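Here is a friendly walk through how two chains meet and where the pockets sit. Keep the structure open beside you as you read.

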Amino acid sequence: MLEVRDVVTSYGMIQALKGVSLAAREGEVTCILGPNGAGKTTLLYTIAGILRPRSGSITFEGRELAGTPAPDVVGRGISLVPENRLVFPQMSVHENLLAGAYVRLGRDRARVESDLEAMFARFPLLKQRAGQAAGTLSGGEQQMLAVARALMARPRLLMMDEPSLGLAPMIVEQIFQIVETLNREGITILLVEQNARMALSVAHRAYLLEQGRIAFHGTPSEVSANEAISRAYLGIKGG
Amino acid sequence: MTDLAIDVVQQLLNGFLFGSSYALIGIGFTMIFGVMDKLNLAFAVTGLAGAYTGLLLFHLTRGPFILVFLMAVAAAGLIGLVIELACFRWMPRDYPLAPLMATMGMLFFVDEVVSHATHGRPMAFPAPMGQVMMDVGPWLVRGDLGFMFLVSLAVMGALWALVYKTRLGLATRAVSQQPVAAQLCGIGLTRVNAAVFIITGMVGGVAGTLIGSAVGNLSPLLSLPLTVKGLVTAVLGGLGSIPGAIVAGLLLGIVEYEALYFFGIGYRDMVTYLLLFAFLVFRPGGLFGQRVGR
């Protein structure tokens with residue numbers, strides 16, 4: 001569904017991605033693991049169109065995507081739940097969700113309303129907080145909101161950047177349940193996570209990104225079977 | 001009631017009404033700062049240039065005030081867009097200072113154009129209310145100030161509806177609160193920015209016209225004071241806050257009229273700048289701004 005080939009992205013003189021290739025298959029959860037500064041967020045921002053790749057190609061559903069500006073990427077069916085959630089703090093929960101549906105707000109108001117109801121049914125907590133400013137929500141609630149906001153664009157590919165960052169273990173559990181549910185409903189997911197154990201438990205395929213390059217890829221069991229990777233990312237003592 | 005008390009209340013009334021024009025200019029500065037995260041120093045002069053365009057039409061056609069007004073608003077909206085293109089969109093992104101300096105250049109450029117076109121002389125501006133006065137108890141309400149206040153109020157109401165009730169308003173707030181997330185929601189920054197420059201330009205055009213008709217003339221000498229007062233208003237209100245700009249504009253109007261009464265015209269602006277200084281020291285985030293982190 002999504003094919004990234006030899007993508008190079010730089011900040012000025014510094015290459016953050018040095019030729020990354022990976023694929024996210026339709027209907028699967030693909031996770032990208034890696035240490036801080038490996039280029040995981042840069043990769044998602046490049047796919048989402050916030051950053052432009054220097055070279056390489058990104059195809060989505062067979063059509064070239066590289067260099068497409070972010071607002072148009074959303075229209076193509078890809079949404080990103082960004083790192084640190086980035087909710088609109090002074091807007092209400094309800095308005096945050098409307099903003100998520102921005103591209104079809106003008107022409108498809110009835111469907112947006114019904115999607116809104118569906119989203120409130122899925123996340124009852126957000127319904128309780130509908131009128132509240134998003135900035136006053138807890139971290140976990142903001143993460144739910146960020147996911148719900150991304151879903152309001154009706155993506156076929158949902159990218160999530162460190163959804164568990166800074167959240168209590170119980171909330172992390174909930175977030176990953178949501179990931180599994182969404183995937184069962186047919187949404188393809190590309191997940192960046194530091195919490196490797198959790199990520200591998202939901203993923204069909206995993207990539208390891210190190211210093212701007214893919215260092216390893218395989219199924220979760222292949223990742224776990226690799227002693228060096230397990231030791232570095234899963235905290236399992238080799239032996 | 002003593003004469004002093006009557007006078008103080010009279011000045012308060014005048015300042016409150018006149019402050020509505022500061023509020024409009026402050027709103028322009030603050031909204032542009034909201035979406036761009038940068039100051040547009042040429043904003044006040046946009047409104048002034050719009051008002052001059054309206055005046056030009058008046059001299060050509062002797063048309064009614066409403067025509068002058070509409071012309072000024074339309075022209076200022078267009079000039080706003082030109083400034084967005086010239087000072088922001090076409091500026092290199094890697095130099096954050098470039099847009100600021102470009103808007104400063106634009107301020108003086110527009111100023112020069114006006115000075116040349118008018119030979120630097122003040123020009124009479126049509127006053128729809130003439131010298132009308134209204135008695136309210138022992139006080140007088142100047143017709144032109146009352147008119148200014150009512151029109152400003154209408155503009156603020158329209159802006160409120162635009163910002164809180166429309167899709168464009170939602171996009172504008174999204175861009176000012178979290179530009180990256182706004183793009184991830186499918187909101188194009190360039191279109192929102194252009195819209196904000198046009199709309200604020202039109203607001204500036206309204207302010208320019210109202211000030212022109214209250215003062216009775218337009219002069220290139222107005223451009224710097226209006227720029228500074230608009231900036232002070234935006235800072236007092238908290239940069240990025242529209243309600244803040246409204247309250248700060250009215251407050252600034254009152255403070256100036258009282259200062260004028262107690263200390264005379266020569267000291268009025270000094271009081272304004274002391275007020276700004278006090279705010280920057282004790283409440284740097286302004287009236288409605290977020291607390292600035294340390």
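## Where the chains meet

In this predicted model, one salt bridge is found across the interface of chain B and chain A. To find it on your screen, look for R173(B) and E95(A): their closest N and O atoms are 3.0 Å apart. Four residue pairs are also in polar contact across the interface of chain B and chain A, both residues of each pair being at pLDDT 80 or more.

On the side of chain B that touches chain A, α6 and α7 of chain B are the elements that give two or more residues. Which of them gives the most? That is α6(B), with six residues. Sorted by class, this side of chain B has nine nonpolar, six polar and two charged residues.

## How much is buried

The size of an interface is often given as the accessible area lost when the parts come together. Here, chain B and chain A bury about 1,900 Å² between them. Carbon and sulfur atoms carry 68% of that area. The contact draws on 23 residues from chain A and 17 residues from chain B.

## The largest pocket

Now for the pockets. The largest one has a volume of about 1,000 Å³. It is lined by 31 residues, and those closest to its centre are R93(B), Q183(B), L189(B), T190(B) and N193(B). Both chains appear among the elements that give two or more residues to this lining: α2 (70-76) comes from chain A, while α1 (3-36), α3 (65-89), α7 (179-184) and α8 (189-215) come from chain B.

If you are curious about its chemistry, the lining of the largest pocket divides into 18 nonpolar, seven polar and six charged residues.

## The second largest pocket

The second largest pocket has a volume of about 790 Å³. Its lining consists of 32 residues, and Q90(A), S176(B), L239(B), G240(B) and S241(B) lie nearest the centre. At least two lining residues each are supplied by α1, α5 (143-165), α6 (167-177) and α10 (242-263) of chain B. The largest share, six residues, comes from α1(B).

How does this lining of the second largest pocket split by class, and how many residues are charged? Two are charged, alongside 17 nonpolar and 13 polar residues.

## Linking the views

Some elements turn up more than once on this tour. α7 of chain B takes part in the side that touches chain A and also in the lining of the largest pocket. α6 of chain B likewise belongs to the side that touches chain A and to the lining of the second largest pocket.

Conventions:
Residues numbered from 1 in each chain as written. Chains lettered and ligands numbered in written order. Predicted model: local features only at pLDDT ≥ 70, side-chain atom pairs only at ≥ 80, totals over all residues. Heavy atoms only, no water. 1 Å grid on protein atoms, 1.4 Å probe; cavity = no way out; pocket = protein on both sides within 12 Å on 5 of 7 lines; lining within 4 Å. Points joined across faces, edges and corners; volume = space filled by probe spheres on them. Helix = DSSP H or I, 4+ residues; strand = E, 2+ residues; numbered from the N terminus. Nonpolar A, V, L, I, M, F, W, Y, C, P; charged D, E, K, R; others polar. Contact = heavy atoms within 4.5 Å. Buried area = accessible area lost by both parts, 1.4 Å probe. Salt bridge = Lys/Arg side-chain N within 4 Å of Asp/Glu carboxyl O. Polar contact = N/O pair within 3.5 Å; in protein donor to acceptor, adjacent residues only side chain to side chain.
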